[in-house]
Amino acid sequence: MKKANVLIFTLFNLSLLLTIIMGVLYLHHCDENLSLISDEVTVLDDNWIIIDNTTGESRETSLPCVLTDHDNNGFTLIRSCDLNDRFSDSIALSSYCTNTELLMDDTVLATTQKGTNRLAASTGNQILLSSGQDFQKSSAIIMNLSSQISPDGTIYVAAPVISTKAGIIKVFLQKDSGYIILSILILFIGIITFIIYLMYPKDSVQALSLFYFGCLSVLIAVHTLFRLSITQFVIPNPMMLHAVSHICYALTPIPLLEICRRNFQGRISEYFSIFAYLTLTNVILQIIVSIVFGIDYAGMIFISHLALIFSCILIFAVYFLSQKKKNNKTTNRLFLSLIPVFITEIFDVICYLAGYIQTEFSLLPYGIFLFLGIQLYYLFRESMDSYLSNLELDIYKKLAFTDDLTKIASRTAFNNACTQINACLKQYPRLHLVLMDLNNLKYVNDEIGHDEGDRLLTQSASMIQQAFQSIGSVYRYGGDEFVVIALQPSLKEVKNCIKDFRQLTDEYNESNPIKIKIAVGYSKIYPKEDTDILQVFKRADANMYENKRTMKKEDGTDQLKR
C-alpha cells in the first residue's frame, strides 16, 4: 500500500504536468497549423428564403435555425450563391435529425435521404460534404429539409460552409476546440484513474470507486467526442457515432450510482443498485426499440435525461436521509461534487425542452469534469496525507528497529519478528536460530576504553552480517549478544555460515592486536514439539554458553567473563 501511495503521488504530478503540456502544445499546434490553411472560407448564414411546403408561405431567415415540421412536409431553403468562380471547392452542411437534400441549381450535391429505411436515416448529427463543384455567381443553393423522425417535428440546420476541404475542417475544428480539449482531459483522467485502480487491493471500496470513476470518464469522453462535427471527418459513419454517443450518455448514471453505493452505509444503499439495474434495462430497451421499430435515439433522449436527473435526486435524498447517521467525509464530498452534474444536466434539459437541440452544445461534460476533478483532488490529497504519514511512521519504525551503534536490526525488531513468526510457526519447519556472544567485551571496555569496545561491536556486527545474510536476518539482542533468524535453511547451510564467520574472525585477529572472540550456539525447530520460537531460542542460548565455556578452557583465562 505504501508503494501504491508513492506511485499515486508520482502519477498525479506527472498527469498534471502532461495535461498542462498537452493543452499548451495543442493550442500552439492549432494556432500554427490552422494559420497555414487558407482563410478563404464563406459561411452562407444569411439571405435565405424559407418556403413552408405545407402552406406555401415564404419568408427570409438566417442560419443556423430550428424549425418545426408538424405535418412532415418539410421546408425548402433557397439562396443565391453570390460568389465568383471558385473551382474545386467543397461545400459542407451540418444538420441534426433532419432529412436534408442539398442542390446546386438542379444538381443534387449531397443528401441524407435513405429511402424508407428509418433506422438507416437515424444518424443524429450529420456532415454533408460535396467536393469538386464549380460555384457560379448565378447559381442557387437549394436545401430541401424534412423532420427525420423527431416526434415533435423539430428540424435543425446549420449554415453551409464553402471552402477547400482543409478550410472546412478548420472551421469545424475551431468550432469544436473547447469540447475537444475537454474530452481529451476527461479521457486522460479516466486512463490515469484506471492505472491507479490497478495498484489498489481489488476488494477495497476505494479501488472499486476508482474503477467506476474511470468508466464514467470514458463514457462522457466518448459521448462528447462522437457528437462533434469534426469527428465525422475521422469516422465517416454518422449513424454509428450517433448511436454510440447516445448509449454512452444513457449509461452515465450507472457508474455514478455504483460509486455512491460503495460509499454509503446500510440497507439504504440498496436503492442505488435497484436504480442502476433500471437504468441498464432502459438502455437495453432503447437499443431494441431503435433496431426493431426504427425510432431514433434522439426521440428517446429525454428518457436518458430523466434517468440522470432522478439518479442525482436519489443520491441527494439518500444523503439527507442518512444525515442522522453522520455521513463521513467521503459521502460529503460525493454530495458536493454531484452538485455541478445536477445543475448542468438541468440546464441541458431546459435547453432541450426549449427546442435548442444543436447536438454539439451541452454543459453536462463540464459538470462531469468538475465532479471528477473534485473527487480526484480529494483522492490525491488523501493519498498524499497517507504517504506522508507512512513516511513518518517508517522513519520512527526505522529508528526503533535499528540499533544505533551497529546499524543492524535491534532487539525491538527481533521481538517483532518473533511475534510474526509465532503467528504461523508451522510454516517454517526448517527454522534455525544462531546466537553469538562477544566474549571479551567487558575486558576491553574496562582496560582499554569504551571507544575500543564500540569498535569491536561494530566490527563483529559487520562480520556476522557478512557471514549470515545469505540465510537469514541479523539482530543485536543485547549489549554483546547477536541473533540470527534463518527461516528456511538446511543444517549444512547453517554450519557453512558459521564456518565462514570463524574464518572472518581469524583473518581479523591475524592483523589486529585486540582479538575478537565470539561464542556461537545454534538450534533448529522441532515442529511437533515447539509451539513458540522462544523454545528454539533457549536451546540455542544453552548451546552458545556451552561453546563459551569450551573457549574459556582452551584459553585458560578469566578475561572471557561477560
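The exercises below work through a predicted model, in which local features need pLDDT of at least 70, side-chain atom pairs count only at pLDDT 80 or more, and totals for chains, interfaces and linings use all residues. Residues are numbered from 1 along each chain as its sequence is written, and side-chain values use heavy atoms, with hydrogens and water left out.

**Exercise 1. Overall content**

State how many helices and strands the protein has, and what share of its residues is buried.

Solution. Helices (H or I, at least four residues) and strands (E, at least two) are DSSP runs, numbered from the N terminus. The protein has 15 helices and 16 strands. Of its 562 residues, 47% are buried, where buried means under 20% relative accessible area (1.4 Å probe, protein chains only).

**Exercise 2. The sheet with β13**

Find the strand order of the open four-stranded sheet that contains β13, and explain why β14 and β16 each have a side without a neighbour.

Solution. The order is β14-β15-β13-β16, with antiparallel pairing; two strands pair if DSSP finds at least two bridges between them. β14 (473-476) and β16 (518-524) are at the edges with a single partner strand each, so one side of each has no neighbour in the sheet. On average, neighbouring strands are turned by 20° against each other, direction ignored. Next, take one pair: β13 (residues 432-438) and β16 are joined by seven bridges in the antiparallel sense. Within this pair, L433 has S523 of β16 as its bridge partner. Finally, helix α15 (residues 533-555) lies across β13, β15 (481-486) and β16, at about 145° to β16.

**Exercise 3. Two helices**

Describe how α8 and α9 are arranged, and which residue classes make up their contact.

Solution. The axes of α8 (residues 301-321) and α9 (residues 329-353) come within 10 Å and cross at roughly 150°. Axes are lines fitted to C-alpha atoms, for helices over the stretch in contact, with angles from 0 to 180 degrees between N-to-C directions. α8 and α9 are therefore roughly antiparallel, a label for angles over 145 degrees. The contact of α8 with α9 has 19 nonpolar, three polar and two charged residues.

**Exercise 4. Partners of β2**

Identify the bridge partners of I50 in β3 and in β5.

Solution. β2 (residues 48-52) pairs with β3 (residues 58-61) in the antiparallel sense over four bridges. In β3, the partner of I50 is R59. The hairpin of β2 and β3 has five residues between the strands, and G56 takes a positive phi near 80° there. β2 also runs antiparallel to β5 (residues 75-80), joined by four bridges. In β5, the partner of I50 is L77.

How values were computed: Contact = heavy atoms within 4.5 Å. Parallel < 35°, antiparallel > 145°, perpendicular 65-115°, else oblique. Nonpolar A, V, L, I, M, F, W, Y, C, P; charged D, E, K, R; others polar. Buried < 20%, exposed > 50% of the residue type's maximum accessible area, 1.4 Å probe, protein only.
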